[in-house]
Amino acid sequence: MFSMGLTDMQKIGLGLVGFGLGFLSLGVVLFFDKGLLAMGNILFLAGIIFIIGMERTYRFFFQSHKLKGTAFFAGGMLIVLVGYPIIGMLVEIYGAFLLFGGLLPHAVLLLRRMPIIGHILNAPGIKVV
């Protein structure tokens with residue numbers, strides 16, 4: 001299989017993030033089931049902690065310019081747990097956009113270098129967007 005130099009803890013973290021995203025997706029598909037959404041949130045956060053470590057996770061979420069995103073993300077998780085999954089997921093998505101929005105330009109640059117997707121993203125009408 002592929003290891004890419006990952007430690008065992010990071011491999012476990014990738015699995016947890018994958019299961020977390022799976023539970024979140026399943027929770028949305030099954031009409032915003034709050035149990036699945038809560039489990040997905042917990043697994044996703046645990047996976048991030050396993051991948052980058054507790055200290056780096058803390059530093060990422062509690063940087064001064066990311067506190068608003070952290071507050072919305074955590075508030076959305078709390079709203080889901082209280083019993084309003086649709087509102088909670090909308091708040092979480094906004095928080096995630098604030099937290100991870102700075103990574104979008106880097107992700108697009110990475111996708112533009114890929115063989116098939118790169119040709120699509122470099123098309124004249126799409127490249128401008």
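**Entry 1: the whole chain**

I take two residues to be in contact when they have heavy atoms within 4.5 Å of each other. With that in hand, I looked up how the contacts are spread along the chain of this predicted model, and I noted that, among the contacts in the protein with a separation of 6 or more, 48% are accounted for by residues 24 or more positions apart.

I then asked which elements the protein has, and I found eight helices and zero strands. Reading along the sequence, I wrote the pattern down as α-α-α-α-α-α-α-α. For the extent of the protein, I noted that its C-alpha atoms fill a box of roughly 45 × 35 × 35 Å, taken along the principal axes.

Next came the surface, where I recorded an accessible area of about 9000 Å² for the protein, with 77% of it belonging to carbon and sulfur atoms. Of the 129 residues, 25% count as buried. I also looked up the charges, and I noted that the mean positions of the 9 positive and 4 negative charges of the protein are 15 Å apart.

**Entry 2: helix 1 and the loop after it**

I started with F23, whose place is in helix 1, a helix that covers 8–29. With a relative accessible area of 26%, F23 is partly exposed, because that class lies between the limits of 20% and 50%. Not counting residues up to four places away in sequence, I found that F23 touches L36, M39, G40 and L43. I also checked F23 against F44, which is 21 residues apart from it along the chain, and I noted that their C-alpha atoms are separated by 9.2 Å.

I moved on to the loop between helix 1 and helix 2, where I found F31 and also F32. I looked at their backbone angles with one rule in mind: most residues other than glycine have a negative phi. F31 has a positive phi of about 55° although it is not a glycine, and for F32, also not a glycine, I again wrote down a positive phi of about 55°. Are these two residues buried, partly exposed or exposed? F31 counts as exposed, at 76% relative accessibility, whereas F32, at 25%, counts as partly exposed.

**Entry 3: where helix 2 meets helix 3**

I wanted to know how helix 2 (residues 34–52) and helix 3 (residues 54–61) lie against each other, and I found that their axes come within 6 Å and cross at roughly 115°. On the helix 2 side the contact is made by L45, I48, I49 and I52, and on the helix 3 side by M54, R56, T57 and F61. When I sorted the residues of this contact by kind, they divided into six nonpolar, one polar and one charged.

**Entry 4: the loop before helix 4, and helix 4 itself**

S64 lies in the loop between helix 3 and helix 4, and I noted that S64 is exposed, with a relative accessible area of 67%. Between S64 and L45, which are 19 residues apart in sequence, I recorded 20 Å in space, C-alpha to C-alpha.

I then looked up two residues of helix 4, namely T70, which lies in this helix (residues 67–82), and L81, which is found there too. Why does T70 count as buried? The relative accessible area of T70 is 10%, and buried means under 20%, so T70 belongs to that class. Setting aside residues up to four places away in sequence, I found T70 touching F61, F62 and L99.

L81, by contrast, is exposed, with a relative accessible area of 54%, because the exposed class begins over 50%. Leaving aside its neighbours within four places in sequence, L81 is in contact with K34 and A38. I also noted that L81 and E92 are 11 residues apart in sequence and 12 Å apart in space, C-alpha to C-alpha.

**Entry 5: helix 7**

My last residue was H119, which is found in helix 7 (residues 115–121). At 65% relative accessibility, I entered H119 as exposed. I finished by checking H119 against L45, and I noted 34 Å between them in space, C-alpha to C-alpha, for two residues that are 74 residues apart in sequence.

Conventions. Residues are numbered from 1 along each chain as its sequence is written. This is a predicted model: local features need pLDDT of at least 70, side-chain atom pairs count only at pLDDT 80 or more; totals for chains, interfaces and linings use all residues. Side-chain values use heavy atoms; hydrogens and water are left out. Helices (H or I, at least four residues) and strands (E, at least two) are DSSP runs, numbered from the N terminus. Buried means under 20% relative accessible area, exposed over 50%, partly exposed in between (1.4 Å probe, protein chains only). Accessible areas come from the Shrake-Rupley method with a 1.4 Å probe; for residues, only the protein chains shown count as cover. Lys and Arg count as positive and Asp and Glu as negative; His and the chain ends are not counted. The place of a charge is taken as NZ of Lys, CZ of Arg, CG of Asp or CD of Glu. Axes are lines fitted to C-alpha atoms, for helices over the stretch in contact, and angles run from 0 to 180 degrees between N-to-C directions. Ala, Val, Leu, Ile, Met, Phe, Trp, Tyr, Cys and Pro count as nonpolar, Asp, Glu, Lys and Arg as charged, and the others, Gly among them, as polar.
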